[in-house]
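Subject: Structure handover

Hello,

Here is the structure I said I would pass on. Please look it over first; my notes follow below.

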Amino acid sequence: LGLPTDSDTFKNSLFNEFDDTEGIPKLEEVVIKILYDPEIRAGMTAAQVLEVFDGALERAFDSISQRVR
């Protein structure tokens with residue numbers, strides 16, 4: 001499970017394999033945290049994901065904001 005690293009569309013992106021960005025941009029960190037949230041599992045329907053998505057998003061933001069403090 002994961003995202004491909006083959007997009008030239010966005011500079012300063014973890015998903016642009018030709019960019020040597022240091023660190024992970026915040027938006028991409030949120031996306032990764034949501035993808036790997038324990039409540040989001042392989043095989044879920046879109047409706048099932050939507051039921052837990054707000055919680056996953058909140059946990060992702062909380063995780064990042066705790067580190068920044």
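**Salt bridges and core**

In helix H1, glutamate 29 and lysine 26 are joined side chain to side chain by a salt bridge, with N to O at 4.0 Å. Please keep in mind throughout that this is a predicted model. The two residues are about one helical turn apart, because three positions of helix H1 separate glutamate 29 from lysine 26. Glutamate 29 counts as buried, at 10% relative accessibility, while lysine 26 is partly exposed at 44%.

How many salt bridges are there by this rule? The count is three. Arginine 59 takes part in a salt bridge with aspartate 37, where the closest N and O atoms are 2.9 Å apart. This pair links distant parts of the chain, with arginine 59 in helix H2, aspartate 37 in the loop between H1 and H2, and their positions 22 residues apart. Arginine 59 also forms a salt bridge with glutamate 39, and here the closest N and O atoms lie 3.7 Å apart. That pair, too, links distant parts of the chain: glutamate 39 sits in the loop between H1 and H2, 20 residues from arginine 59 in helix H2. Through shared partners, the salt bridges join Asp37, Glu39 and Arg59 into one network. As general background, side chains of opposite charge can pair when their charged atoms come close.

Is each member of the network buried, partly exposed or exposed? Arginine 59 counts as partly exposed, with 35% relative accessibility. Glutamate 39 is also partly exposed, at 37%. Aspartate 37 has a relative accessible area of 6%, so it counts as buried, the cut-off being under 20%.

Aspartate 37 has some further details. The loop that holds aspartate 37 runs between helix H1 (26-35) and helix H2 (46-68). Besides its salt bridge with arginine 59, the side chain of aspartate 37 reaches the backbone nitrogen of glutamate 39 at 2.9 Å. When neighbours within four places in sequence are left aside, aspartate 37 is in contact with Ala56 and Arg59.

Ala56 also belongs to the largest nonpolar core. Which residues make up this core? There are eight in all: Val30, Ile34, Ile40, Met44, Val52, Ala56, Ala60 and Ile64. H1 and H2 are the elements that give two or more residues to the core, and H2 supplies the largest share, four residues. One member of the core is isoleucine 34. Apart from neighbours within four places in sequence, isoleucine 34 is in contact with Ile40, Phe53, Ala56, Leu57 and Ala60.

Some totals for the chain as a whole follow. The chain has two helices and zero strands. Its length is 69 residues, of which 20% count as buried. Among contacts with a separation of 6 or more, 32% are between residues 24 or more positions apart. The accessible surface of the chain is about 5,400 Å², and carbon and sulfur atoms account for 58% of that surface.

If you open the structure at one place, I suggest the network of Asp37, Glu39 and Arg59.

Regards

Key. Residues numbered from 1 in each chain as written. Predicted model: local features only at pLDDT ≥ 70, side-chain atom pairs only at ≥ 80, totals over all residues. Heavy atoms only, no water. Buried < 20%, exposed > 50% of the residue type's maximum accessible area, 1.4 Å probe, protein only. Polar contact = N/O pair within 3.5 Å; in protein donor to acceptor, adjacent residues only side chain to side chain. Contact = heavy atoms within 4.5 Å. Core = buried A, V, L, I, M, F, W, Y, C linked by side-chain atoms within 4.5 Å. Areas by Shrake-Rupley, 256 points an atom, 1.4 Å probe, with all protein chains shown as cover.
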